[in-house]
Amino acid sequence: LVRDEMRCVRGLVMWKVALIGVGGFIGAIARYGVGGLVHRWYSGAFPWGTMIVNLAGCLALGYLATLSEDYGAFRPETRLFLFIGVLGGFTTFSTFGLETFSLLREGNLHWALANAGGNVVLGVCGVWLGHMVARMLG
């Protein structure tokens, strides 16, 4: 009986991983397509493709999360597929936006500012550090 339960749990976990993976594949391909399309329209120094992908992901996640939270619109498996898979593959910036918004909505201004500032400043610092390490090792 325990062995059958473990097999069932593993099957459920693998199903969730598959949902996220398929969603991530779709999101990554969509990011590539949208980014490329925007780049063809607006080529220049500013990364408009990334900006539009990030803003579209935030808009989509805000809309879908509200439908889910306020109206129970999605089952847990659908949330995994859409939120973590599709939108996570499209842009993780949407998750950052939702988490920061949630902190603001809950009245945690200091944590929202720390999250926003920390992700942006530390993220850029992380890119710089990775760049420097690659230069030193390469």
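Student: How many helices and strands are there in the protein chain?
Tutor: Five helices and zero strands. Both terms rest on DSSP runs, numbered from the N terminus: a helix is H or I with at least four residues, a strand is E with at least two. Read along the sequence, the pattern is α-α-α-α-α.

Student: What kind of model is this?
Tutor: A predicted model: local features need pLDDT of at least 70, side-chain atom pairs count only at pLDDT 80 or more, and totals for chains, interfaces and linings use all residues. Residues are numbered from 1 along each chain as its sequence is written, and side-chain values use heavy atoms, with hydrogens and water left out.

Student: How do you know what span to expect of helix α2?
Tutor: The expected span is 1.5 Å times one less than the number of residues. Helix α2 covers residues 48-71, which is 24 residues. The expected value is 34 Å, and α2 reaches 34 Å from its first C-alpha to its last, so the two are close. Just after α2, Gly72 takes a positive phi of about 60°.

Student: Why is Leu64 called buried?
Tutor: Buried means under 20% relative accessible area, exposed means over 50%, and partly exposed is in between (1.4 Å probe, protein chains only). Leu64 has 17%, so Leu64 is buried. Leu64 sits in helix α2. Other buried residues of α2 include Gly49, Val53 and Ser68.

Student: What covers the buried residues of α2?
Tutor: The cover includes α1, α3 (76-90) and α4 (93-105).

Student: What makes a residue count as touching Leu64?
Tutor: Contact means heavy atoms within 4.5 Å. Leaving out residues up to four places away in sequence, Leu64 touches Phe74, Leu82, Phe83 and Leu87.

Student: Why is the pair of Phe74 and Phe83 called an aromatic pair, and of what kind?
Tutor: Rings of Phe, Tyr and Trp (its six-membered ring) pair if their centres lie within 6.5 Å. Planes under 30 degrees apart count as stacked, over 60 as edge-to-face, and the rest as tilted. The structure holds three aromatic pairs. In the pair of Phe74 and Phe83, the centres are 6.2 Å apart and the planes make 80°, so this pair is edge-to-face.

Student: Which of these, buried or partly exposed, fits Phe74, and which fits Phe83?
Tutor: Phe74 has 21% relative accessibility, so Phe74 counts as partly exposed. Phe83 has 9%, so Phe83 is buried.

Student: How do you know how many disulfides there are?
Tutor: A disulfide is a covalent bond between the sulfur atoms of two cysteines. The rule here asks for a pair of cysteine sulfur atoms within 2.5 Å. By this rule the count is zero.

Student: What are Cys8 and Cys125 called, by relative accessibility?
Tutor: Cys8 has 55%, so Cys8 counts as exposed. Cys125 has 41%, so Cys125 counts as partly exposed.

Student: How do you set the protein chain against a compact globule?
Tutor: Use the radius of gyration, taken over C-alpha atoms; the globule rule is 2.2 Å times the number of residues to the power 0.38. For 138 residues a compact globule would have a value near 14 Å, but the protein chain has 19 Å. The C-alpha atoms fill a box of roughly 60 × 45 × 35 Å along the principal axes.

Student: What share of the residues in the protein chain is buried?
Tutor: Buried residues make up 20% of the 138 residues.
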